[in-house]
Amino acid sequence: MASVPTTQKAVIIDKTGGPEVLQHTTDFPVPALVDGQILVKNDYIGINYIDTYFRCGMYKPPQYPYTLGREAEGTVVKTGGGETYGLKEGDRVVYMAEGTYAEYSAVKASSAVAIPAGIPPRMAAAAFLQGLTALTLIREAAAVKAGDWVLVHAAAGGTGLWLVQLLKSVGARTIGTASTPEKVALALKAGAEVVVDYSREDVDAKVKELTGGAGVSAVLDGVGKATFDLSMTCLARKGTMVSFGNASGFVPPVTIARLSEKNVRLLRPTLFNYIATRDELETYSAELFQYILRDGLDSRIHDVYPLSEVARAHTDLEGRKTTGKLLLDPSK
């Protein structure tokens with residue numbers, strides 16, 4: 001194994017704001033390990049909407065300078081003491097942790113899993129956070145059953161495409177929403193039964209038409225403020241509303257009595273509370289990899305951006321110019 005340098009390329013912020021606050025540096029310290037950690041040389045870094053929330057100040061960074069990023073795949077180049085769950089130097093791993101917009105990351109071994117041999121480069125980083133989010137949403141948040149009608153907003157986005165594929169695999173009937181003909185086609189190809197172009201069509205009317213006026217069993221809504229009221233309207237009696245993202249802004253406070261109109265359930269889950277234990281992480285990761293290897297589920301990669309062009313990636317993501325997953329290459 002090659003020696004580990006003392007400094008590295010990384011992207012940091014020292015204040016919140018637009019993409020212009022992202023600073024690409026070439027002399028950021030490589031972190032030292034403590035017990036229970038592994039040092040990973042990152043090959044590909046996943047970009048997620050939560051990164052923009054921390055950058056813009058919607059979520060408060062814990063300190064400055066702050067390194068963005070929540071997931072990556074790479075190779076273990078060093079291990080610390082303590083429990084490393086069988087991970088060793090040379091292993092290909094994928095993980096979720098803070099501070100992944102860098103060449104090297106010190107990661108809790110409990111947050112990393114080995115990548116199966118059949119998973120090609122880039123796929124693990126592209127699939128991990130969004131794929132696990134989608135899988136836990138349909139398994140636990142909404143508990144979707146075969147035959148259920150499910151509404152998925154932003155169905156051509158990164159998490160949206162995973163939801164559409166997984167819902168088809170479990171036999172659900174998916175209604176997606178998208179904003180352009182290209183995105184509509186992409187969501188249909190991924191397995192949605194119907195996709196509504198919300199820029200031209202009435203989503204609620206279409207839902208009622210397809211479900212015989214009943215509404216959908218569940219709504220999976222990562223958009224937030226702009227779609228919340230519509231999502232609640234589209235729900236069937238005893239349906240489940242899962243609000244899991246804030247792409248359009250925070251959902252305003254909700255009066256609890258509103259839920260009694262149709263006896264609906266309302267959740268605002270986070271992935272990390274579904275994979276809080278090592279057993280949960282390993283179980284869901286294995287299931288996700290099985291869907292990829294056995295059923296051919298795919299994470300559509302929109303583009304791989306050089307780490308030095310991270311501001312362009314954030315601009316594209318927030319400008320709704322993308323479909324599927326965005327990755328960073330820390331070597332560039």
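Where does Pro65 lie? Pro65 sits in the loop between helix H1 (49-56) and strand E4 (66-67). The peptide bond leading into this proline, from Tyr64 to Pro65, is cis, with omega near -10°. Keep in mind that everything here comes from a predicted model.

**The whole chain**

Let's step back and take in the protein chain. It has eight helices and 16 strands. Its radius of gyration is 20 Å, close to the 20 Å that the globule rule gives for 332 residues, so the chain is as compact as a globular protein of that length. If you draw a box around the C-alpha atoms along the principal axes, you get roughly 65 × 40 × 35 Å.

How much of the chain is buried? Buried residues account for 53% of the 332 residues. Among contacts with a separation of 6 or more, 69% link residues 24 or more positions apart. On the outside, the accessible surface adds up to about 14100 Å², and carbon and sulfur atoms hold 51% of that. As for charge, there are 35 positive and 36 negative charges, and their mean positions are 3 Å apart.

**Two loop residues that touch**

Now zoom in on Thr84, which you'll find in the loop between strand E5 (71-79) and strand E6 (92-96). Is Thr84 buried or exposed? Its relative accessibility is 13%, and because buried means under 20%, Thr84 counts as buried. Leaving aside residues up to four places away in sequence, Thr84 touches Gln37, Ile38, Thr79 and Ala109.

That last partner, Ala109, belongs to another loop, the one between strand E7 (104-108) and strand E8 (112-114). Ala109 is buried too, with a relative accessible area of 0%. With the same kind of sequence neighbours left out, up to four places away, Ala109 touches Gly36, Gln37, Ile38, Glu83, Thr84, Tyr85, Leu87 and Arg278. So Gln37 and Ile38 turn up as partners of Thr84 and also of Ala109. For a sense of distance, try Ala257: it is 148 residues from Ala109 along the chain, and the two C-alpha atoms are separated by 44 Å.

**Positive phi values outside glycine**

Which residues have a positive phi without being glycine? Arg122 is one of them, with phi near 85°, and Ala143 is another, at about 50°. Helix H2 (123-141) helps you find Arg122, which lies in the loop between E8 and that helix. Ala143 is in the loop between H2 and strand E9 (149-152). Both residues count as partly exposed, Arg122 at 35% relative accessibility and Ala143 at 42%.

**Cysteines**

Cys56 and Cys234 have contrasting surroundings: Cys56 counts as partly exposed at 34% relative accessibility, whereas Cys234 counts as buried at 0%. How many disulfides are there? The count comes to zero.

Here are the accessibility values in one place.

| Residue | Relative accessibility | Class |
|---|---|---|
| Cys56 | 34% | partly exposed |
| Thr84 | 13% | buried |
| Ala109 | 0% | buried |
| Arg122 | 35% | partly exposed |
| Ala143 | 42% | partly exposed |
| Cys234 | 0% | buried |

Methods
Residues numbered from 1 in each chain as written. Predicted model: local features only at pLDDT ≥ 70, side-chain atom pairs only at ≥ 80, totals over all residues. Heavy atoms only, no water. Disulfide = S-S within 2.5 Å. Buried < 20%, exposed > 50% of the residue type's maximum accessible area, 1.4 Å probe, protein only. Helix = DSSP H or I, 4+ residues; strand = E, 2+ residues; numbered from the N terminus. Rg over C-alpha atoms; globule rule 2.2 N^0.38 Å. Contact = heavy atoms within 4.5 Å. Areas by Shrake-Rupley, 256 points an atom, 1.4 Å probe, with all protein chains shown as cover. Lys, Arg positive; Asp, Glu negative; His and termini not counted. Charge placed at Lys NZ, Arg CZ, Asp CG, Glu CD.
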